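The following exercises are intended for a reader who is new to this structure. Each task is followed by a solution that proceeds step by step.

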Amino acid sequence: MDMIDKFMHAVLSITFFVFFLHYRLFTSLVATARSLFKENVSGKVVLITGASSGIGEHVAYEYARRGACLAVVARREHRLRQVAAVCEIIGSPEAVYIVGDVAKMEDCQQFVEATVSYFGHCKQPIRRLDFGGFNFLLVFDVVVTVDHLVTNAGVTPVCMFKDYDDITKASPAMEINFWGSVYSTYYAYGHLKKSKGKIIVIASSTGWLFAPRLSFYSASKAAVISFYETLRYEFGGDIGITIVTPGLIKTEMTDGKFLSKEARLQLDPEMRDVEISVMPLESACECGKAIVAGSCRGDNYLTVPHWYEWTKLWKVFCPGIMDRWIGFLLMPCNSHNEVPTKKLTHFVNGLTQFLSS
């Protein structure tokens, strides 16, 4: 058995590197071809969850610029109303906002049905005929369905596992991040199949790049990635799936809006300095543009910013180095104030103030 193990190790390692080089060349050629023949979403119906701010908001704006009809969903009505209004100003033929909570199955069913109903059946003239002095206007029913579903809604619990007094307070991570995507997909499936549509899944690079205090968030995003990779096999060519794994994007989350151990959404600047520190942040606007461009190309995977792709290779080939580095930067000795990332944040802030004075 030992000889077989060594033989398989040698064969698989050699074939991996050979096929990896060919695969990278092939994917580069495919990406070029997709860029030349990207989808035109003008007039198509796009449903976006978690569209009241951040990535979801800017994905909506980019679809609007391309002329898509939009249904934006979130829990904050006042923000949704503003987003929908901006979408119509910058190019969307029509944008409707729907208040809903993706953690509730009935809400997901309702906002999918409301989208189809709103954009649903319309009559369009196709030809005017003059026959024997009589004018005929031919019309047909156009059944408008969902063309793109963007599952973006999410929350970020930030807490050490041992510090939870009630472990069920972390459940929104799975209820919103995972089940919210599943419910939305379940009720939109039939419509997407009719339109040969696409699902754009906003996961996270924390699905493979783990960090202390983000255990439930990472678990929920890893589950999302695994779920939609499996659906890609099940759906075949009926529905396209683009799995997006953003890194650190300038949003409410990276401003410190986390889910506390009491399950309350709150702004925590101190924890923001620990978890985000001085890491560079991609703008939500640029992220939204990249996501819509990737969905129109039909990409299977998309990581924004692109340099986060290299962390996958570090994780695979140098897992020990990655684990030690993350542990050193993010694990405290006694308190959060002693975390190296927080000290680094304070040092950089102090240096910036000194140089600007």
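The model is predicted. Glu62 and Arg65 both belong to helix α2, where three residues, about one turn of the helix, separate them.

**Exercise 1.** Determine what links the side chains of Glu62 and Arg65, and state whether each residue is buried or exposed to some degree.

*Solution.* Step 1: Glu62 forms a salt bridge with Arg65, and the closest N and O atoms are 3.2 Å apart. A salt bridge requires such a pair of atoms within 4 Å, so the criterion is met.
Step 2: Glu62 has a relative accessible area of 9% and is therefore buried, the cut-off being under 20%.
Step 3: Arg65 has a relative accessibility of 44%, so Arg65 counts as partly exposed.

**Exercise 2.** Check whether the span of helix α2 agrees with the span expected from its residues.

*Solution.* Step 1: Helix α2 comprises twelve residues, 54-65.
Step 2: The expected span is 1.5 Å times one less than the number of residues, which gives 16 Å for α2.
Step 3: The end C-alpha atoms of α2 are 17 Å apart, in agreement with the expected value.

**Exercise 3.** Establish how far α2 is enclosed by the rest of the structure, and describe Gly67, just after the helix.

*Solution.* Step 1: The buried residues of α2 are Gly54, Ile55, Gly56, Glu57, Val59, Ala60, Tyr61, Glu62, Tyr63 and Ala64.
Step 2: Because ten of its twelve residues are buried, α2 is largely enclosed by the rest of the structure.
Step 3: Gly67, just after α2, takes a positive phi of about 85°.

**Exercise 4.** Describe the salt bridge between Arg81 and Glu77 and the accessibility of both residues.

*Solution.* Step 1: The side chains of Arg81 and Glu77 meet in a salt bridge, with an N to O distance of 3.2 Å.
Step 2: Both residues lie in helix α3 (residues 77-90); they are four residues apart, so about one helical turn separates them.
Step 3: Arg81 is partly exposed at 40% relative accessibility, and Glu77 is partly exposed at 38%.

**Exercise 5.** State how many salt bridges a search of the whole structure finds, and describe further examples.

*Solution.* Step 1: The search finds 19 salt bridges.
Step 2: Lys315 and Asp323 are joined through their side chains by a salt bridge of 3.3 Å, N to O. Lys315 is partly exposed at 23% relative accessibility, and Asp323 is partly exposed at 44%.
Step 3: A network of salt bridges links Glu39, Lys44 and Lys198.

Methods
Residues are numbered from 1 along each chain as its sequence is written. This is a predicted model: local features need pLDDT of at least 70, side-chain atom pairs count only at pLDDT 80 or more; totals for chains, interfaces and linings use all residues. Side-chain values use heavy atoms; hydrogens and water are left out. Helices (H or I, at least four residues) and strands (E, at least two) are DSSP runs, numbered from the N terminus. Buried means under 20% relative accessible area, exposed over 50%, partly exposed in between (1.4 Å probe, protein chains only).
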